[in-house]
Amino acid sequence: MPDDIRIRVVNPNTTRAMTDLVGRSARVVAGPGVHVDAVQPTTGPASIESHYEEALAAVGVLEQVRRGEAEGVDAYVVACFGDPGLDAAREVACGPVLGIAEAAFHAAAMVARRFSVVTTLGRTVGRAYELLDRYGYAGACAGVHACEIPVLAIEAPGALARVTAACRAAVEADDVDAVVLGCAGMAAYTQRLSDAVGVPVVDGVAAATTFAAGLVRAGLRTSTRSEYAPPPPKAVPGLLGGFAITSPAALAAVPH
């Protein structure tokens, strides 16, 4: 069991305030001996509210994971509810890589029989259902609800009241025992929402951070036997040339 655990929380967008927020949320639950650093890509969208932006953000996630590998990071948290780049990051990281949607669904299922998801914009609802199905929690989720607040407005005046109202409405309409927050930017509201609504409210940043630390302590890492084996070396011409893997040893190389 390692004495010190380094967890890198990767905010896949390029908004510093969001990076700082998810870093604070992760450090609250990290516990003794767990060191959290929160980072963001050097390029990419300011927020992620479309499939296009999610695809762009995945490259930034890989950038920060590869840098973490060069720096000896033990585990990673991808702090966006769409889990962008999660599978690809698992191919290049030695330690566990957790997405906050996956972690939040697991945590909610451990404390409730059924839960609902409250997310930001209506256009992201389909992605949430897609992830629920992928991770095996479609049957445990009674509904996904959007509060129609853009990601970068989550901390704006009045946002907490709207998220609270959406959580309360979800609990009543779906008759559920817990709520999963569908945006990393909502992490700062978790306890206040739980107190207001009267059921456990699950933040994926906190869930993923605690799970990641536990996996490292247990000596568990992503299997490399099949699908998550390191990607084969090959040329990557053009704009993404810095991400080319020329040999297994080059996986940790930092793109420039």
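Let me start with valine 180, which stands opposite valine 202 in strand β8; strands and helices here are DSSP runs numbered from the N terminus, with at least two residues (E) for a strand and at least four (H or I) for a helix. Valine 180 belongs to strand β7, residues 178–181, and β7 and β8 pair in the parallel sense over two bridges, where pairing requires that DSSP finds at least two bridges between the strands.

Before going further, I should say that this is a predicted model, in which local features need pLDDT of at least 70 and side-chain atom pairs count only at pLDDT 80 or more, while totals for chains, interfaces and linings use all residues. Residues are numbered from 1 along each chain as its sequence is written, and side-chain values use heavy atoms, with hydrogens and water left out.

Now to the sheet that holds this pair of strands. β7 and β8 are part of an open sheet of four strands, in the order β6-β5-β7-β8, with parallel pairing. Its edge strands are β6, residues 141–146, and β8, residues 201–202, each of which pairs on one side only. As general background, strands of a sheet pair through backbone hydrogen bonds, either parallel or antiparallel.

Let me turn to β5, residues 115–119. How many of the residues of β5 are buried? Five of its five residues are buried, which here means under 20% relative accessible area, whereas exposed means over 50% and partly exposed lies in between, with a 1.4 Å probe and protein chains only. Both faces of β5 are covered, with Phe115, Val117 and Thr119 on one side and Ser116 and Val118 on the other. In general, the side chains of a regular strand alternate between the two faces of the sheet.

β5 pairs in the parallel sense with β6 over five bridges, and with β7, also in the parallel sense, over four. Serine 116 appears in both pairings: its bridge partner in β6 is glycine 143, and in β7 serine 116 stands opposite valine 179. Between β5 and β6 the chain passes through helix α5, residues 125–135, in a β-α-β crossover that is right-handed, meaning that, with the strands pointing away from the viewer, the path from the first strand over the helix to the second runs clockwise. Helix α4, residues 100–111, lies across β5, β7 and β8, and runs at about 145° to β5; such angles run from 0 to 180 degrees between the N-to-C directions of axes fitted to C-alpha atoms, for helices over the stretch in contact.

Next, helix α1. The 15 residues of α1, residues 16–30, should span 21 Å at 1.5 Å a residue, and the end C-alpha atoms are 21 Å apart, which agrees; the expected span is 1.5 Å times one less than the number of residues. Among the buried residues of α1 are Met18, Leu21, Val22 and Ala30, and what covers the buried residues of this helix includes β1 (5–10), β2 (34–39) and α8 (204–217). Just after α1, glycine 31 takes a positive phi of about 85°.

On the other side of the helix in sequence, threonine 15 is found in the loop between β1 and α1. Threonine 15 is buried, because its relative accessible area is 18%, and threonine 15 touches Gln40, Ala46 and Leu152, not counting residues up to four places away in sequence, contact being heavy atoms within 4.5 Å.

Finally, the charged pairs. The count comes to eight salt bridges, each being a side-chain nitrogen of Lys or Arg within 4 Å of a carboxyl oxygen of Asp or Glu. Arginine 8 and glutamate 71 form one, with the closest N and O atoms 2.6 Å apart, and this pair links distant parts of the chain, since arginine 8 is in β1 and glutamate 71 in helix α2 (residues 51–71), 63 residues apart. Is arginine 8 buried or exposed? At 5% relative accessibility arginine 8 counts as buried, whereas glutamate 71, at 42%, counts as partly exposed. Arg8 and Glu71 are also linked with Asp37 in a network of salt bridges.

Within α1, arginine 16 forms a salt bridge with aspartate 20, the closest N and O atoms being 3.8 Å apart, and because the two are four residues apart in the helix, about one helical turn separates them. Lastly, aspartate 87 and arginine 134 form a salt bridge with the closest N and O atoms 2.7 Å apart; aspartate 87 lies in helix α3 (residues 86–92) and arginine 134 in α5, so the pair ties together parts that are 47 residues apart in sequence.
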